[in-house]
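Visitor: I would like to learn how to read a structure like this one. Where should I begin?

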Amino acid sequence: MDIEPGELTVGQLSQRSGVAISALHFYERQGLILSRRTSGNQRRYKRDTLRRVALVRIAQRVGVPLAEVAAILKLLPENRTPTRADWERISECWQAELDRRIVHLEQLRDDFKDCVGCGCLSIDRCALANPHDTLATTGPGPRRLVATTGEPCHPGKCA
């Protein structure tokens with residue numbers, strides 16, 4: 001069978017990760033996971049590939065582009081199983097970006113039901129919060145949701 005201890009076949013990886021074999025092949029073509037080939041040209045994956053696949057799935061679920069995931073995964077060592085310190089290091093790499101995404105999601109969930117200062121003046125509260133689109137003088141876009149620094153913020157909390 002040409003399988004080393006601690007290795008998984010593509011079927012085993014698929015079953016344990018909950019990801020279709022075709023998706024695993026796609027992940028491999030994108031450089032997200034690696035396999036070795038047996039003498040019979042079958043794929044074999046190190047067991048730590050399960051964690052990499054889990055990271056890809058979670059990132060996809062929250063809308064992180066695969067290119068960003070690939071860049072983060074490239075920071076992991078290829079010649080050994082990543083340690084907890086390795087995983088902590090890569091988690092810190094995108095913490096600020098994920099925090100920004102969380103704020104954007106909170107804005108969409110909580111703040112978009114009110115005037116956002118976009119200039120449409122289509123909500124009855126716009127006449128009070130942004131009469132005659134006065135916020136246009138401060139810049140483009142939803143002015144009540146974007147701070148002067150360009151960072152996202154909640155209404156009343158922009159700097």
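Guide: We will go from the order of the elements to the overall form and then to the surface. Keep in mind that this is a predicted model.

Visitor: How many helices and strands are there in the protein chain?

Guide: Start with a count, then read the order. The protein chain has 7 helices and 3 strands. Starting at the N terminus, the order is β-α-α-β-β-α-α-α-α-α.

Visitor: Which residues does the UniProt annotation "domain: HTH merR-type" cover?

Guide: An annotation comes from a record, and the model can then be read over that span. The unreviewed UniProt entry places "domain: HTH merR-type" at residues 7–75. In the model, that span is 55% helix and 13% strand, and its end C-alpha atoms are 22 Å apart.

Visitor: What radius of gyration does the protein chain have?

Guide: Read that value against the one for a compact globule. The protein chain has 23 Å, whereas a compact globule of 159 residues would be near 15 Å. A box along the principal axes that holds the C-alpha atoms is roughly 75 × 30 × 20 Å.

Visitor: What share of the residues is buried?

Guide: Buried here means under 20% relative accessible area. By that cut-off, 31% of the 159 residues are buried. For the accessible surface, the total is about 10100 Å², and carbon and sulfur atoms supply 55% of that area.

Visitor: How many positive and negative side chains are there?

Guide: Count each set, then compare their centres. There are 24 positive and 19 negative side chains, with the two centres 5 Å apart.

Key. Residues are numbered from 1 along each chain as its sequence is written. This is a predicted model: local features need pLDDT of at least 70, side-chain atom pairs count only at pLDDT 80 or more; totals for chains, interfaces and linings use all residues. Side-chain values use heavy atoms; hydrogens and water are left out. UniProt positions are given in the numbering used here, feature names are shortened, and annotations may be inferred rather than shown by experiment. Helices (H or I, at least four residues) and strands (E, at least two) are DSSP runs, numbered from the N terminus. The radius of gyration is taken over C-alpha atoms; the globule rule is 2.2 Å times the number of residues to the power 0.38. Buried means under 20% relative accessible area, exposed over 50%, partly exposed in between (1.4 Å probe, protein chains only). Accessible areas come from the Shrake-Rupley method with a 1.4 Å probe; for residues, only the protein chains shown count as cover. Lys and Arg count as positive and Asp and Glu as negative; His and the chain ends are not counted. The place of a charge is taken as NZ of Lys, CZ of Arg, CG of Asp or CD of Glu.
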